[in-house]
Amino acid sequence: MARHNSILLYGLVTSAPKIIKNDESGTYLQGICPIRVIRGQRDAGDRSEFKHIKYDDPIIVTGESNLVKKMDEWEPGDMVLIKGVLVTKDVNKKVTCKTCGKVHIFQGSSEFVRPIYLETCMKKVPKENVVAELKKRIEISNVATLIGTVCKKPEMYTTEKKLHVTQFPIAINRKYKIPEDALEIRTDFPYVKSYGTQADKDYQYLDVGSVLMIDGCIQTREFERLLECDCGATTKWYDSSLEIIPYQSEYFNKNNSSEEESAATANNNTSIADEILK
């Protein structure tokens, strides 16, 4: 199967990077930094006004020493450009009961962007200029292009605003070797979340084993969870996730005919971006 996993981000450094070095040699070992990116409508034409925009805060993580060294130069307020790949990792998440102090461990996943290229474009942009700077480069601020295989049957739900949402995990074969990972790790498993007419198509045509190419963006979000401890107390905690949002998807091995899909597309004049962002 073809391998494709490409993330392009242009955004604002929101906090100082966490840099880890070897205490003895000073060698750069790992860099971690969140950046703020923007996404919006993809209609051609005048982009001076945007009806809907949203901000996301993906985490950039690398263990490649020369990239960590460049990241170490980042400061809050810098504008940076990153080309990379989406990576998922199984992790243990720890939550401490606020009443009795017991530590609970949950199996979960961590999703981040592993850069293969990064560049500092502007240093310390004034706060009042940040939004305008991001809007100027909205077409490259948050771009995700991936090919994956559906590994769980898609599920659909309807929001309070009556918007259809379909979600499902995909398996993406790695195109690049990540030195800090074990050799046997060759696949990443991000979640896809589609909206509106794209959600309807995904739910109708996709099943386990379906292969699709996604032209879209990434979405980050934080959500509330409740821990029910053995002591009887309930502790509120916050989890986070990163998901792929398709603007458009191409199916490689679906059951429907191309005529059916073309007809469905022709009958839909609504912007996918409008449905996602409203």
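Buried means under 20% relative accessible area, exposed means over 50%, and partly exposed lies in between (1.4 Å probe, protein chains only). The model is predicted, so local features need pLDDT of at least 70 and side-chain atom pairs count only at pLDDT 80 or more, while totals for chains, interfaces and linings use all residues. Residues are numbered from 1 along each chain as its sequence is written, and side-chain values use heavy atoms, with hydrogens and water left out.

**Exercise 1. Cysteines**

Task: state how many disulfides the model has, and explain why C100 is not bonded to C229.

Solution.
1. A disulfide is a pair of cysteine sulfur atoms within 2.5 Å.
2. The cysteine sulfur closest to that of C100 belongs to C229, and the two are 3.6 Å apart, which is too far for a bond.
3. By this rule the count is 0 disulfides.
4. As for cover, C100 has a relative accessible area of 44% and is therefore partly exposed.
5. C217, at 0%, is buried.

**Exercise 2. Overall make-up of the chain**

Task: give the number of helices and strands, the buried share of the residues and the share of contacts that join residues at least 24 apart.

Solution.
1. Helices (H or I, at least four residues) and strands (E, at least two) are DSSP runs, numbered from the N terminus.
2. On that basis the chain has 6 helices and 14 strands.
3. Of its 278 residues, 44% count as buried.
4. A contact means heavy atoms within 4.5 Å.
5. Taking contacts between residues at least 6 apart in sequence, 71% join residues at least 24 apart.
6. Accessible areas come from the Shrake-Rupley method with a 1.4 Å probe, and for residues only the protein chains shown count as cover.
7. The accessible surface of the chain is about 15100 Å², and carbon and sulfur atoms account for 48% of it.

**Exercise 3. Pairing of strand β1**

Task: find the strands that pair with β1 and give a facing residue pair for β8, β6 and β3.

Solution.
1. Two strands pair if DSSP finds at least two bridges between them.
2. Strand β1 covers residues 4-13, and 8 of its 10 residues are buried.
3. With β8 (residues 142-150), β1 runs antiparallel over 6 bridges; here N5 stands opposite L146.
4. With β6 (residues 79-96), the pairing is antiparallel and again has 6 bridges; L9 stands opposite I82.
5. With β3 (residues 28-40), the antiparallel pairing has 2 bridges; L12 stands opposite R36.

**Exercise 4. Nonpolar cores**

Task: name the residues that touch the most other members of the largest nonpolar core, and list partners of I170.

Solution.
1. A nonpolar core is a set of buried Ala, Val, Leu, Ile, Met, Phe, Trp, Tyr and Cys residues joined through side-chain atoms within 4.5 Å.
2. The largest nonpolar core has 30 residues, of which L9, I35, W74, I82, I170 and L212 touch the most other members.
3. Leaving aside neighbours within four places in sequence, the contacts of I170 include C151, F189, V192, L212, I214 and I244.
4. Apart from this core lies another of 9 residues, among them M79, L81, V125 and I138.

**Exercise 5. An aromatic pair**

Task: classify the pair of F106 and W237, and say where in the chain its two members lie.

Solution.
1. Rings of Phe, Tyr and Trp (its six-membered ring) pair if their centres lie within 6.5 Å; planes under 30 degrees apart count as stacked, over 60 as edge-to-face and the rest as tilted.
2. The structure holds 2 aromatic pairs.
3. In one of them, F106 and W237 are 5.9 Å apart centre to centre with 10° between the planes, and the pair is stacked.
4. F106 lies in strand β7 and W237 in strand β14, so the pair ties together parts 131 residues apart in sequence.
5. F106 is partly exposed at 32% relative accessibility, whereas W237 is buried at 12%.
6. Strand β14 (residues 234-251) also contains I245, which is buried at 0%.
7. The C-alpha atoms of I245 and I218 are separated by 5.7 Å, although the residues are 27 apart along the chain.

**Exercise 6. Positive phi angles**

Task: locate K124 and K162, and decide whether each is buried or exposed.

Solution.
1. K124 has phi near 45°, a positive value in a residue other than glycine.
2. K124 is in the loop between β7 (103-122) and α2 (127-136), and at 52% relative accessible area it is exposed.
3. K162, also not a glycine, has a positive phi near 65°.
4. K162 sits in the loop between β9 (155-158) and β10 (164-173), and counts as exposed at 69%.
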